Amino acid sequence: MQYSFILNEKPVQVTAEEDANLLWTLRERLKLTGTKFGCGVSLCGACTVHLDGKPVKSCITPLSQAVGKKVTTIEGLSEDRSHPLQVAWIEEQVPQCGYCQSGQIMQAAALLAENPNPNREEIIKHMNGVLCRCGTYLRILKAIEKTAQKV
Amino acid sequence: MEKQLESQGLSRRKFLKVGGGITFLVTAVGLPALVFKKGELAESKQISAWVHLSSDGTVTIYNPASEMGQGTMTALAAIFAEEMDADWSKVKIENAPVEPEIYGIGWGGERGGSMLTVGSRSVSGHFNNLRQSGAQARYALLSAVAEKWGVDRKELKTDSGLVFHPKSNKKITYGEIVEFVKIPESVPEIPDSDLKNPKDFKLIGRDYQRYDVPFKVDGSAIYSGDIHVPGMVYAAIVRSPVNGTQPELKNETAIRGIKGVLNLVSLEHGIGVVASNMETALKAKAMMEITWNGDPKAKSHNSQDAYEEYEALSKSSQTGSIVAQSGDLNRELPKAQKTIRADYKNDYIYHAQMEPLNAVAHVKADSAELWVGTQAADGTRNDVANHLGLDFKAVNLHTCYLGGGFGRRSMTDFVIEAVDISKAVNLPVKLQWTREDDLQYGAFRPISLQKLEAGIDQNGNINSWKHVVVGTGGGLLGSGADIPFYDIPNKLIEVRNIDHGVRTKHWRAVGHGPNKFAIETFVDEIALEQKKDPYQLRRELMKNHPRELAVLDKVADMAKWGSSVPEGRARGIAFAERSGSLAAGICEISVDRSTGKIKVHNIWGSLDGGVVVHPANAKYQMEGSLVMGLSSVLFESITFKEGQVEQSNFYDYPILRMEDAPEEIMLEIIPSTEKPTGIGEAGLPFMGAIISNAFAALTGKRLRHMPFTPEKVLEVLAS
Ligand code: FES
Ligand code: FES
C-alpha cells in the first residue's frame, strides 16, 4: 500500500503493508530513529511524536491514521537543536541514558505550544505518561519551567 | 549538523581511515606511549590508541567504558584531557574499539583487564591510567616541540592546547604540532610528581557539560536498535515462559504462511521468527502457538511461598557463606541484656531499562559483525567468537549507546540469539525484544528474607549483631551486608541460598538495595527501642570512622535534623556505602491514610566519593539513583507462579512516574583528596530505609517488606 503524509514539513510517500504502524515506519522504513520503542502499548511515551501538532503515541498509531496529516518527530523539532526546549534540555543537562528524551521533549513541546505558561501541576499532569528509568524527572520539570518563563 | 555515530569497530580499520593527524598509541599493557603518524599505521599491528590529534586541533579521545547514562564517557575523557592539557572545547569522544588488552581494567584498576562496565568502577578504575596516558601524550608533544625549537623540554609549558616557551615567548598550538611530530623511541612513565597538581586542575572537579547530551536532545545518539544494515531482516523470539522448558511449535504452517515471514529458527529456549519488516515479525511472534516441554526446577517456584522456605532454611543448623565475622557472637548474643529481632523482605525486581534489549548481527562465513549496546564489550565479543568457533579478531563489535543498562546489559544472552538467527538465515538481522519479552525473560534482583538480631549490653550498647540473608541468586545476595563502619564487637553476617532455577542478575547496586534496607531499618528500630535518636545512635556506632561520620553529619546538617517538620509529615535517616562511596540520606514523607499512598516530599543526600571528576554529573547520578531506588521501594515487584513471571508490562509492573518524584532533592558532595570511588549507585541503597524509617516516625508502624505498595501500607496501618 502507498501512504502519503507530511513528515517534518516535507511530503513523503511510503510503501508498506496494511498493518504498518507509525513508529516502525518512522524508525525502519524512513530511518528516522530518534523516536523510540519502549513498551508498544501506550504506557511509556518513548515513541511520542506530533500528529497535526498533537502528541500521539506512535507505537499504537496505525500508519493509515497519518495519511494526509502532518507528522513531526524529534528530528523535525528544529534543524540545529535550537528549539527552546532543546536549548533548556542542554542547559539543564537533562538526559542520562537519553532513551526516553525524544519522547519527553516532544511531549513537552506539545504542551508549550498549547499552554505557553503552564504551572507545575499542569506540567506534571501533561508529562506523567512519559517514563524515565534514569530518574531525570526533576530536571525535565526544571527545563520546561525555565522554557515557559522565557516564552 | 554533526551526528553521533557508533564506534567504528576494529581499530585498524579506523586508523587507516583517519587523515591529517596523529594517534597516540600504547603498544601493550603498561608499556609506554608511542606516537604514530598516519601512513605508518598501515603496518601497525595489535596496537590501539587513547587519542587522536588532528591538525585542526581536534582532539579525539577514546572512551573505554560503555555509556549507559552514567556520563563516564565525559568524565573519563576529562581525566585524560586534564593531563594532556587539551583544549576541552576541541575534544571529541569516540567509543574505543573492543581491545581489552588496551582499554580494559582489572578490579584493582590495573591496565588490561576487562572492558566490563559494572559496579560504578569506570572512573575509579581508570583514573590513574588515564592521568598517566594523558601525561604521556603531553610529554610526546612537548618533546617534539623542544626538538623543533632547540630548547629544553623542561622549559616548555602548556595551557589548554597550546605549548609555549616563556623565555622566548614562542607559542604553538597542539594542532600545529601534528605537522612535524616524530615518533619518540619511547615515552617514559611520568612520575606522580610530574602529574598536575590538583589545585591546577581545569576539568577534574570542575563543571563542564556532558559530551553526549546534545546528541540526546535531537534524536541523533545511536542506540543499537537504530542501526540499519543493507539487506537487514527483522527477528522476534518467543521464549520459555518457565526457565528451562523447550518449545514445540504447533502452528508452523500458519506462521510460515503469513505474508512477510521469511523463516523460523528453533532455539533451545524459544522460537525465532524472521520477517521482512518489524510489524510482521512482531505479529507472527504473537500468533505462535507453542507447547513447552520439560520439567525444570523453576516450575515448582512460587515466589510468595519462598519466604517460608527461607524462614525454614534460616532455622536449619546448616551455615551459609560467611560475609563477615568478628568477636564471638554465639557466646555473646545469649548473654545480652536485651535482644532485638526483626525480619525484612524484598521481592524480585526487574531492570526495566527504557530500551528493551535488541541487537543487530551479521554472521558471515568466517566472521561476524555486531552492533550492540552492551556493558560487556569484550565479553560480548568473546562469547560470540566462542559460540561461533571464531577467532576473537573475526568478531567486529560496534558499541552503541545503551538505553539504560543497570546490570541487565552485562549479559550476552540477547546477542547470542541475534547471532544464532543471523547465522541460520545467512542475513544481517535486527533482533527486537518487546517490553513483555524484556520483562518476562528478565534476570531479576533476587528476592530475600533478612533476619536480624541485636544484643544490647547492660550499658545500652549494641554488643552483638547477627544478620542472616536468605534468598536466591547466590553471590548476588551478599553485597552490602557487611557493616565495617559500625563498631559492634561481636558480629556474624551470613548468606544462605536456595536455587529456584529462575534467572537472577546484578541490578543497580546489587545486594546493597535489600541489605541496606534491612540493616538501616533495623538500626532505626533499635534506636526507637532504646529511646535514642536514630541519627545519634549511628553517630555513636561510627564514632571511630571520621569519613563516614562526616557524611552522616553533613546530611543531618543539610536537612536540619531534629528541627520541626510540617504537620502530617515525618523524616527518616540512613547511611550506606557502595563501590567505596559513602552516602547518607534523609527524606520527608507524608501518607494518605485512606489510599495507603506514600508521598516523598524531599530528599537530602550527602556523598563522599573521593576526588570527584565531574561533580555536576556525580550529583545527577545520585539524583537518578535516588529516584530509581524510590521507584523500586514504592512500586516494583516481580512474582513467579509455577515458575512463570506474573507481570508483563508497565501496567502491572509500574515504575515511578513524574507525579511520584520527590518535590525536591538536595545533594552535597564532601570535598576530598582521597582516590575516586564509584558514584553511579551510591544513592540507591539507603532509599528503602529512609522511607521505612520516616514511615515509622510518622505512624508508629513499621514497613518491613519492599515494595511499600498502597495495599501493604494499608495493611500495616491496620495492624
Ligand atoms: S512505545 Fe509507545 S508508549 Fe511506549
Ligand atoms: S534518560 Fe534514561 S530513561 Fe530517561
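# Exercises on a predicted two-chain model

A:Lys54 and A:Glu114 form a salt bridge in which the closest N and O atoms are 3.4 Å apart. The structure is a predicted model, and the exercises below start from this pair.

## Exercise 1. The domain interface of chain A

Task: place the salt bridge of A:Lys54 and A:Glu114 in the domain layout of chain A, then describe the interface.

Solution.

Step 1. Chain A is divided into domain 1, residues 2-77, and domain 2, residues 84-150. A:Lys54 falls in the range of domain 1 and A:Glu114 in that of domain 2.

Step 2. The count of salt bridges between the two domains of chain A is 1. The cut-off is 4 Å between a side-chain nitrogen of Lys or Arg and a carboxyl oxygen of Asp or Glu, so the 3.4 Å pair of A:Lys54 and A:Glu114 qualifies.

Step 3. For polar contacts between domain 1 and domain 2 of chain A, the count is 5 residue pairs, with both residues at pLDDT 80 or more. On the domain 1 side, the elements giving two or more residues are β3, β4 and α2 (74-77) of chain A. Of the elements, β4(A) gives the most to this side, with 3 residues. By class, the domain 1 side divides into 7 nonpolar, 7 polar and 3 charged residues.

Step 4. Now the extent of the interface. The centres of the two domains of chain A, taken over C-alpha atoms, are separated by 21 Å. In terms of contacts, 17 residues of domain 1 meet 14 residues of domain 2. The two domains bury about 1,300 Å² between them, 62% of it on carbon and sulfur atoms. A:Thr48, A:Ile74 and A:Leu77 supply 34% of the area that domain 1 of chain A buries against domain 2, more than any other three residues.

## Exercise 2. An interface in chain B

Task: give the domain assignment of chain B and describe how domain 1 of chain B meets domain 2 of chain B.

Solution.

Step 1. The assignment for chain B gives domain 1 (6-212), domain 2 (224-295 + 357-432) and domain 3 (304-348 + 444-718).

Step 2. Contacts involve 23 residues of domain 1 of chain B and 22 residues of domain 2 of chain B. The area buried between these two domains is about 1,700 Å², with 51% of it on carbon and sulfur atoms.

Step 3. The number of salt bridges between domain 1 and domain 2 of chain B is 0. Polar contacts across this interface join 7 residue pairs, both residues at pLDDT 80 or more. The domain 1 side holds 9 nonpolar, 9 polar and 5 charged residues.

## Exercise 3. Backbone geometry

Task: state what is unusual in the backbone at A:Asp52, B:Ala509 and B:Pro707, and locate each residue.

Solution.

Step 1. The reference point is that most residues other than glycine have a negative phi, and most peptide bonds are trans.

Step 2. A:Asp52 has a positive phi, near 50°. This residue is in the loop between β3 (48-51) and β4 (54-57) of chain A. Its relative accessible area is 44%, so A:Asp52 is classed as partly exposed.

Step 3. B:Ala509 also has a positive phi, of about 75°. B:Ala509 sits in the loop between β22 (490-497) and α13 (512-529) of chain B. With a relative accessibility of 0%, B:Ala509 is buried.

Step 4. The peptide bond between B:Met706 and B:Pro707 is cis, with omega about 0°. B:Pro707 belongs to the loop between β29 (705-706) and α18 (710-718) of chain B.

## Exercise 4. Two charged residues of chain B

Task: are B:Lys505 and B:Asp524 buried or exposed, and what do they touch?

Solution.

Step 1. Buried means under 20% relative accessible area. B:Lys505 has 16%, so it is buried; B:Asp524 has 3%, so it is buried too.

Step 2. B:Lys505 is in the loop between β22 and α13 of chain B. Beyond four places in sequence, its contacts include B:His351, B:Met411, B:Phe444 and B:Leu476. The side chain of B:Lys505 also makes a polar contact of 3.1 Å with the side chain of B:His506.

Step 3. B:Asp524 is in helix α13 of chain B. Leaving out residues up to four places away in sequence, B:Asp524 touches B:Pro534, B:Arg538, B:Asn693 and B:Arg702. With B:Asn693 there is a side-chain polar contact of 3.5 Å.

Key:
Residues are numbered from 1 along each chain as its sequence is written. Chains are lettered from A and ligands numbered from 1 in the order in which they are written. This is a predicted model: local features need pLDDT of at least 70, side-chain atom pairs count only at pLDDT 80 or more; totals for chains, interfaces and linings use all residues. Side-chain values use heavy atoms; hydrogens and water are left out. Helices (H or I, at least four residues) and strands (E, at least two) are DSSP runs, numbered from the N terminus. Buried means under 20% relative accessible area, exposed over 50%, partly exposed in between (1.4 Å probe, protein chains only). Domain bounds come from an automatic or database domain assignment. Contact means heavy atoms within 4.5 Å. Buried area is the accessible area (1.4 Å probe) that two parts lose on being put together, summed over both. A polar contact is a pair of N or O atoms within 3.5 Å; within protein, one must be able to donate a hydrogen and the other to accept it, and residues adjacent in sequence count only if both atoms are side-chain atoms. Ala, Val, Leu, Ile, Met, Phe, Trp, Tyr, Cys and Pro count as nonpolar, Asp, Glu, Lys and Arg as charged, and the others, Gly among them, as polar.
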